[in-house]
Each structure stands twice: as structure tokens, then as C-alpha cells.
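Subject: Structure for you to look at

Hello,

I am passing on the structure that we talked about, and I would be glad if you opened it before reading my notes. Please keep it in view while you read, so that you can find each place for yourself.

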Amino acid sequence: MSAASTITVDGKEIEMPVRSGTIGPDVVDISKLYAKTGAFTFDPGFTSTASCESKITYIDGDEGVLLYRGYPIEQLAEQGDYLETCYLMLFGELPTAAQKADFDYRVTRHTMVHDQMNRFFTGFRRDAHPMAVMVASVGALSAFYHDSTDITDETQRMIASMRMIAKMPTLAAMAYKYSIGQPFVYPKNDLDYTSNFLRMCYAVPCEEYVVNPVFAKALDKIFILHADHEQNASTSTVRLAGSSGANPFACIAAGIACLWGPAHGGANEAALKMLMEIGKPENVAKYVAKAKDKNDPFRLMGFGHRVYKNYDPRARIMQATTHQVLKELGKNDDPLLEVAVQLEQIALKDEYFIEKKLYPNIDFYSGITLKAMGFPTDMFTVLFAVARTVGWIAQWAEMIEDPMQKIGRPRQLYVGAPRRDYVAVDARG
Ligand code: SDX
């Protein structure tokens, strides 16, 4: 693409630089547009807008490519583990064996939360949605860890990052235990990250809990798949919150709140509820017709993506993981999987989905796997938040360290009333 592009506004022609990244689309730098023309760009939903430079994650929506720091998601998911991915996200390189051992040790020793958090939880109703509990309790961490909220201090930023990665599983398990009326289970330092989380969710004081290695491996892979995804809605929320100088715990709480929406991270819970509503393969055609009906607000949850206009590479790995977990459970004939496979087959051959480039995304299969592993549907987005925390934190740190960083403050196209004078109440019509 040329080194510059020109635009004419009100008869004035101005030149704007075009910049190229390592790979992917070029950008037209419009940062001087308003100063030079008095006009804003207009891009609701940011469909054509790059909000920042980043070195963390690259997505090619047409080719179905996802790279974390240049490494393909397929290789990381198959050959690595989640804490290795966390190290890669935070530091930009895969760790040596010694670096990995040190990182695992440090994360493991931050997994406990301040014991007064236990009393914080008792303020919730038992039937509170665990995402509400997560938004509140993660935000409340700012009230406990004052020694890692000075964002101008690089050491404090790293401590806060380690604490977030380490404590999210503990808080998530506490939210689950609280919802089912069981006592909290403390983390154990001799377990790996994902096994520790499974034990905190499913162990009870009355007997020893043995982690199923197939479940631990599957969940660790699910965490890797969900770790980061470029400038998605919740990551952009974390960046925008962080741009004002808010502390990292508050920023992550904002990201959790945004992820909760059914168009974003809440889709895994919504997708499973949809599959359960469809119930059996013979009902699939009726729901596909509903999804295509412009007058029907129903959408196939777990289908479609702002960026992927081809198959979501994570969905392929997720589908294989689903089969592994169901095989382990002897549930290969799970009716929900049957409905999902039928739904995918019909949708991928249907002109509507082909024309709109709607493919299964990561949320389409994850719910079946998590349900088979014993998680209730309202915990699915909590697990997404646990996994995405490292992406949020890495993107937040990158934003803080970006020399171009300034507070995010978009403008608008005003279409409201022109200036008018106040009318006394007895003179109003
Ligand atoms: C995640 O951004 C990320 O990276 C997110 C994520 C991450 O890792 O962070 O990948 C995680 O959020 C995955 C997406 C999970 N959401 C869902 O599965 C919810 C169902 N999908 C949609 O609501 C939708 O596809 C979005 C929100 C994901 C994307 O929406 P866009 O890009 O804004 O596209 P759109 O809503 O404008 O839809 C384009 C067209 C529309 O038809 P027209 O108005 O052009 O006629 O496609 C239709 C939509 O009606 N459409 C669907 C559909 N999704 C879009 N029709 C039926 N079923 C669907 N699922």
C-alpha cells in the first residue's frame, strides 16, 4: 500500500501517513484529521479502527490464523501449558526450563487470597450469578493489595499481574463453592495451576480429591485457547479503563463485566442453553430458520465473529477436546454433542451462513465440554474470565508502557437538539 493516503474534507485535501505492521492490514494514521479538517471519523463498533499498536496477539480472520507472540495457537495448545502461555504473553518469549520453573513457583505462591475475602463473599445471595461475584471480588482486590496499585512502578505492575493470574482461579472456585453451599477449598502448592483449580472446585473436606488428568489437560488447553484475542470488547474495556490510570484490579473487573455479555464471553453459557433448548437433532432445522429470520431476534449462539470470517481456529481444537473429554466419560453419544454436530453441518451448508460468513466460534463447543466436566452453565464465562486474565493484564501492561499512551476519549456525531432556551414549567405545552 502507498506510504500516504489523501482525503478531501470541505474542499481541503490532506495527506495521512499509511503504516505497515509486521503482518496484517496496514493502517491509515488519522490522528491529525480533526486538527487539520475539523472533522471526525465515524466508525460505530470500531469495525475499521485500530485502537493501538500491539505485539501480543495476531488474528487473520480470513485465513483462520491466531498467533500469540508469533506462535500458532495450534502448537501452543498441543505442546505447551497454560502458565507457559502466560509467561509468553507477559514477557514476549517462551521461557527456558529454569524460567518456567521460577514462574510456576511464583504464581503458585500467590494463589491464596486475603482471608477476609471469605467474609466478603458472605454478603452475596447464594444464587447470585458467579460473574456478578467475580466483578465484585476482583474489583475488591484493590482494597486488599495497596502495595501493587501504583501503576507507575514497574515492580508493582508485575506483582499485580502475578497476583491477578494466580488469584483468579481461587476466586472463581470460591464463587462456585459459595453458590453450592460448600466450604471454600484452599489452594495446594504441590498441584499445577489447572489441577489446583479443579481441586478447589470439586474437593470436599470429607475425602481426598484425585484430579482426573484428562480433565486437567483438557481444561489447561481450554485456558490456552481463551488466553488472549487482540483488541476484543473486554480487552478494549481494560485498555480504556487503564488509560485513565485506574489500578489493575479495577481494570480487570471492568473487563470481566464486559466479557459477561452474551455477544462476547457470555456466548458459551448462551450457546449451551441454546443447544439444550433445541434438545434433539430433529429440532435443528426449526432453529436455523429462526436464526435466518430478520424478524426473529434469535441468533445461533456460538456462531459468527467480528474478525473470523472463516472457521475460528480455536473452535477446531475445542471440538477435538470435547471429543476427548466425552470419550473419557464414556459419553460419546452425548445428545448435546449430537445436536451441535447436526447444527454445524446444516448451518455450514446453508446459503445464509455461507453468505454472511458465519462459522462456529470458540464458544460453540466449549460449553459441552465444561458441562461434561461438571461445571454449571453459569460458571462457563467465569472460566473464560480466568483464562483471559493473562491477556487482559498483558494488554494493560503494554498500554501503560506505550510511549504514545494517553487517556482514551472518543468523540461523536451529535444528532440531538440544537441550542435552545429554557422554558418555565407553566409555559410548557
Ligand atoms: C467471543 O472479538 C473477539 O475476539 C471475541 C472473542 C474473544 O476471544 O475475545 O472471540 C470471544 O466473543 C466470540 C463471539 C461469541 N458471540 C456469539 O457467539 C454470539 C452470536 N454471534 C453474534 O452475535 C455475532 O456474530 C457477533 C457479535 C459475534 C459478531 O457480530 P458482528 O461482527 O457485529 O456482526 P453483525 O452482528 O453485524 O452480524 C453480521 C450479519 C447480521 O446480518 P445482517 O444485519 O447483515 O443481515 O450476520 C448476522 C447478523 O444478523 N449474524 C447472525 C449471527 N451472527 C451474526 N445471524 C444468526 N446467528 C448468528 N450467530
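Below I go through the ligand and its surroundings, and then two pairs of helices.

Please bear in mind that this is a predicted model.

I would begin at the ligand, which has 24 residues around it, and those that come nearest are His229, Lys294, His305, Arg314 and Arg388. If you sort the residues of this shell by character, you will find 10 nonpolar, seven polar and seven charged.

Three side chains there deserve a careful look. Arg388 places a polar side-chain atom 2.7 Å from an oxygen atom of the ligand, while for His264 a polar side-chain atom lies 2.9 Å from an oxygen atom of the ligand. Tyr352, in turn, has a polar side-chain atom 3.1 Å from a nitrogen atom of the ligand. As for how much of the ligand is covered, the accessible area that it has on its own is 1000 Å², and the protein covers 77% of that.

Now turn to the helices, where two packed helices are described by the angle between their axes and the distance between the axes. Helix α9, residues 213–225, packs with helix α14, residues 313–328, at an angle of about 165°, and their axes are 10 Å apart. That angle makes α9 roughly antiparallel to α14, and the crossing of these two helices is left-handed.

In the second pair, helix α6 (residues 130–140) packs with helix α11 (residues 248–259) at an angle of about 165°, the axes being 8 Å apart. Here α6 is therefore roughly antiparallel to α11, and the crossing of α6 and α11 is left-handed.

Best wishes

Definitions and conventions:
Residues are numbered from 1 along each chain as its sequence is written. This is a predicted model: local features need pLDDT of at least 70, side-chain atom pairs count only at pLDDT 80 or more; totals for chains, interfaces and linings use all residues. Side-chain values use heavy atoms; hydrogens and water are left out. A residue is near a molecule or strand if one of its heavy atoms lies within 4 Å of it. A polar contact is a pair of N or O atoms within 3.5 Å; within protein, one must be able to donate a hydrogen and the other to accept it, and residues adjacent in sequence count only if both atoms are side-chain atoms. Accessible areas come from the Shrake-Rupley method with a 1.4 Å probe; for residues, only the protein chains shown count as cover. Ala, Val, Leu, Ile, Met, Phe, Trp, Tyr, Cys and Pro count as nonpolar, Asp, Glu, Lys and Arg as charged, and the others, Gly among them, as polar. Axes are lines fitted to C-alpha atoms, for helices over the stretch in contact, and angles run from 0 to 180 degrees between N-to-C directions. Helices (H or I, at least four residues) and strands (E, at least two) are DSSP runs, numbered from the N terminus. Angles under 35 degrees count as roughly parallel, over 145 as roughly antiparallel, 65 to 115 as roughly perpendicular and the rest as oblique. A crossing is left-handed if the near helix is turned anticlockwise from the far one by less than a right angle, and right-handed if clockwise.
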